[in-house]
Amino acid sequence: MLIFSSSHRYKKFTQGETVQSFGQLIRKARKKKGYSQRELANELGIDFTYLSKLENDRADYSPKEEKIRQLASHLELEAEELIFLSGRLPEGEEDFVKQHYKTMPTLFRRMRENPKFAQKIFQEAIKEEKRGKSADF
């Protein structure tokens, strides 16, 4: 479950996982892959000081989706999870949110006020997705 904490700083809360920010997650993955900040920044075509700010959750803005997808690819992370963790919506999801702009505030408010309700929705979505994937085979 993602919880909004500031402009682009979402924190990830799931059962049994430690809390991580976008910056913490990419720093951990970068180090695991053996990249220096300069090396990864060069691969992505961004300034290493911006990457440093991202890793320290001090950037004034989150990267564009294209850069997040490149980050995910280089660090072997799930791109859509990283996009959500950065505080952005994947391009395809923006249209869905716009189509349901009247009901989205109620849904988000209800999930924020009642974490059990939110957890139930997430569990059902995961079950449904797994059923869909297994039906595809």
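# Helix faces and packing in a predicted model

The face of α4 turned away from its buried side carries two exposed residues, Glu-66 and Ser-73. The structure described here is a predicted model. This report starts from an overview of the chain and then takes up the helices, their packing, and a few single residues.

## The chain as a whole

The protein chain contains eight helices and three strands. Read from the N terminus, the order of elements is β-β-β-α-α-α-α-α-α-α-α. The chain has 137 residues, of which 26% count as buried. Among contacts between residues at least 6 apart in sequence, 49% join residues at least 24 apart.

## Two helices with a buried face

An α-helix has 3.6 residues a turn, so residues three or four places apart point the same way. This is useful when reading the lists of buried residues below.

In α4 (65–75), the buried residues are Glu-65, Ile-68, Leu-71, Ala-72 and Leu-75. They lie on the same side of α4 because they cover an arc of only 115° around its axis. What do these buried residues of α4 pack against? Their partners are α1, α2, α5 (79–85) and α6 (91–99). Glu-66 and Ser-73, as said at the start, are exposed and sit on the face turned away from that buried side.

In α3 (48–55), Tyr-50, Leu-51, Leu-54 and Glu-55 are buried. Seen down the helix axis, these residues fall within an arc of 140°, so they line one face of α3. The buried residues of α3 pack against α1 (22–33) and α2 (37–44).

## How the helices cross

Two packed helices are described by the angle between their axes and the distance between the axes. Two pairs are taken here.

The axes of α1 and α4 come within 9 Å and cross at roughly 40°. This angle makes α1 oblique to α4. The crossing of the pair is left-handed. On the α1 side, the residues that meet α4 are Phe-22, Ile-26, Ala-29, Arg-30 and Lys-33. On the α4 side, their partners are Ile-68, Leu-71, His-74 and Leu-75. Ile-68, Leu-71 and Leu-75 are also among the buried residues of α4.

For α2 and α3, the axes come within 8 Å and cross at roughly 110°. The two helices are therefore roughly perpendicular to each other. Their crossing is right-handed. Gln-37, Arg-38, Leu-40 and Ala-41 in α2 meet Phe-48, Leu-51, Ser-52 and Glu-55 in α3. Leu-51 and Glu-55 are also among the buried residues of α3.

## Three residues and their exposure

The table lists relative accessibility for three residues.

| Residue | Relative accessible area | Class |
|---|---|---|
| Asp-57 | 16% | buried |
| Phe-117 | 26% | partly exposed |
| Glu-76 | 61% | exposed |

Asp-57 counts as buried because its relative accessible area of 16% is under the cut-off of 20%. Glu-76, at 61%, counts as exposed because the cut-off for that class is over 50%. Phe-117, at 26%, falls in between, so it is partly exposed.

Most residues other than glycine have a negative phi. What is the sign of phi in Asp-57? Asp-57 is not a glycine, yet its phi is positive, near 55°. This residue comes just after α3, in the loop between α3 and α4. A polar atom of its side chain lies 3.1 Å from the backbone nitrogen of Gly-23.

Glu-76 also has a positive phi, of about 55°, although it is not a glycine. Its position is just after α4, in the loop between α4 and α5. Asp-57 is buried, whereas Glu-76 is exposed.

Where does Phe-117 lie? It belongs to helix α8, which covers residues 115–136. With neighbours within four places in sequence left aside, Phe-117 is in contact with Leu-107, Arg-110 and Met-111.

## Summary

Helices α3 and α4 each have buried residues gathered on one side, within an arc of 140° for α3 and over an arc of 115° for α4. The pair α1 and α4 is oblique, and the pair α2 and α3 is roughly perpendicular. Asp-57 follows α3 with a positive phi, and Glu-76 follows α4 with a positive phi.

Key: Residues numbered from 1 in each chain as written. Predicted model: local features only at pLDDT ≥ 70, side-chain atom pairs only at ≥ 80, totals over all residues. Heavy atoms only, no water. Helix = DSSP H or I, 4+ residues; strand = E, 2+ residues; numbered from the N terminus. Buried < 20%, exposed > 50% of the residue type's maximum accessible area, 1.4 Å probe, protein only. Polar contact = N/O pair within 3.5 Å; in protein donor to acceptor, adjacent residues only side chain to side chain. Arc of directions from axis to C-beta. Contact = heavy atoms within 4.5 Å. Axes fitted to C-alpha atoms, helices over the stretch in contact; angles between N-to-C directions. Parallel < 35°, antiparallel > 145°, perpendicular 65-115°, else oblique. Left-handed = near helix turned anticlockwise from the far one by under 90°.
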